[in-house]
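I opened this entry to look up how the ligand is held and how the chain around it is built. My notes follow in the order in which I checked things.

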Amino acid sequence: MRTPLIAGNWKMYKTSSEATALAEAVVRALSTPDGTQVVVCPPFTALAAVGRVVAGSRIGLGAQDLHWAKEGAYTGEVSAEMLRDIGCRYVIIGHSERRQYFGETDESVNKKSCAALASNLIPIICIGETLAEREAGRAYAVVETQIKGALSGLTPEQVQQLILAYEPVWAIGTGQTATPGQAEEMHAHIRKTIALLFGAEIAHGVRILYGGSVKPDNAKELLGRSEIDGALVGGASLQADSFAAIAKAAIR
Ligand code: PGA
């Protein structure tokens, strides 16, 4: 009942013209409806151009961050309304790179998630432990704290709309993935945490993506697990053929 979703996080790659070419190739490769959802998240500067390419196709548009205020004197920032206006339907929030390099906290993730939902944007909220935290046996506790922080004050109806992405920090861009078993166990724990906070029915409906070195050759195994509802793909989303191969591995 949970529609698989594959999102490409292009990070700080692709100029507007490069992004246009990539988006055109993605649209070509994934034009046929197959029961999955596909989203691309280019950098801010390429959103408008990519939005024009994907308009009318089945590929959705997402941003990689936003500011929680409606508008204001926040130099360099972009609001939810601005993203909506340009055609975004999704926004990645709290990616570990933002937590690590730009001081993102569970509190800012919460404010951004509320702002996104208020503007009818679907947040893709990233959570995940570092290697040190996993080795210290704290992975589950860390992820639980992140969920509680991110979803604080949200209504069950709001939680039902959002998407979580479990991305163990040690697996991002390293070529090292969580085993399907490790990922599925954590996803089940995440769902249990949501059930305790918002009820079993809401938890059952929430989509939980896996992210961290998802590639065409490991996608099938990961996406075949019943607890894994899709993938957030970094490196392998920068080429249409590898991204399309991953998206096709999500077909149920
Ligand atoms: P990766 O990145 O696929 O390159 O590991 C995933 C992400 O950061 O979302």
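I began with the shell around the ligand and sorted its residues by class, which gave four nonpolar, seven polar and two charged residues. I keep in mind throughout that this is a predicted model, and that every value below is computed from it.

Next I asked which residues come nearest to the ligand. Of the 13 residues around the ligand, I noted K11, H95, E167, G173 and S213 as those that come nearest.

I then looked up individual polar contacts made by ligand oxygen atoms. For K11 the partner is an N or O atom in the side chain, and an oxygen atom of the ligand lies 2.8 Å from it. For G234 the partner is a polar backbone atom, at 2.9 Å from an oxygen atom of the ligand, and for G235 I again found a polar backbone atom, here 2.8 Å from a ligand oxygen atom. After these contacts I checked the cover, and the protein covers 97% of the 280 Å² of accessible area that the ligand has on its own.

I also checked where the ligand sits, and the place is the second largest pocket.

Last, I turned to the protein chain as a whole, in which I counted 12 helices and eight strands. Its C-alpha trace spans about 45 × 45 × 35 Å along the principal axes. I compared the radius of gyration, 17 Å, with the value near 18 Å that a compact globule of 252 residues would have, and the two agree.

Methods: Residues numbered from 1 in each chain as written. Predicted model: local features only at pLDDT ≥ 70, side-chain atom pairs only at ≥ 80, totals over all residues. Heavy atoms only, no water. Near = heavy atom within 4 Å. Polar contact = N/O pair within 3.5 Å; in protein donor to acceptor, adjacent residues only side chain to side chain. Areas by Shrake-Rupley, 256 points an atom, 1.4 Å probe, with all protein chains shown as cover. 1 Å grid on protein atoms, 1.4 Å probe; cavity = no way out; pocket = protein on both sides within 12 Å on 5 of 7 lines; lining within 4 Å. Sits in = over half its atoms within 2 Å of the grid points. Nonpolar A, V, L, I, M, F, W, Y, C, P; charged D, E, K, R; others polar. Helix = DSSP H or I, 4+ residues; strand = E, 2+ residues; numbered from the N terminus. Rg over C-alpha atoms; globule rule 2.2 N^0.38 Å.
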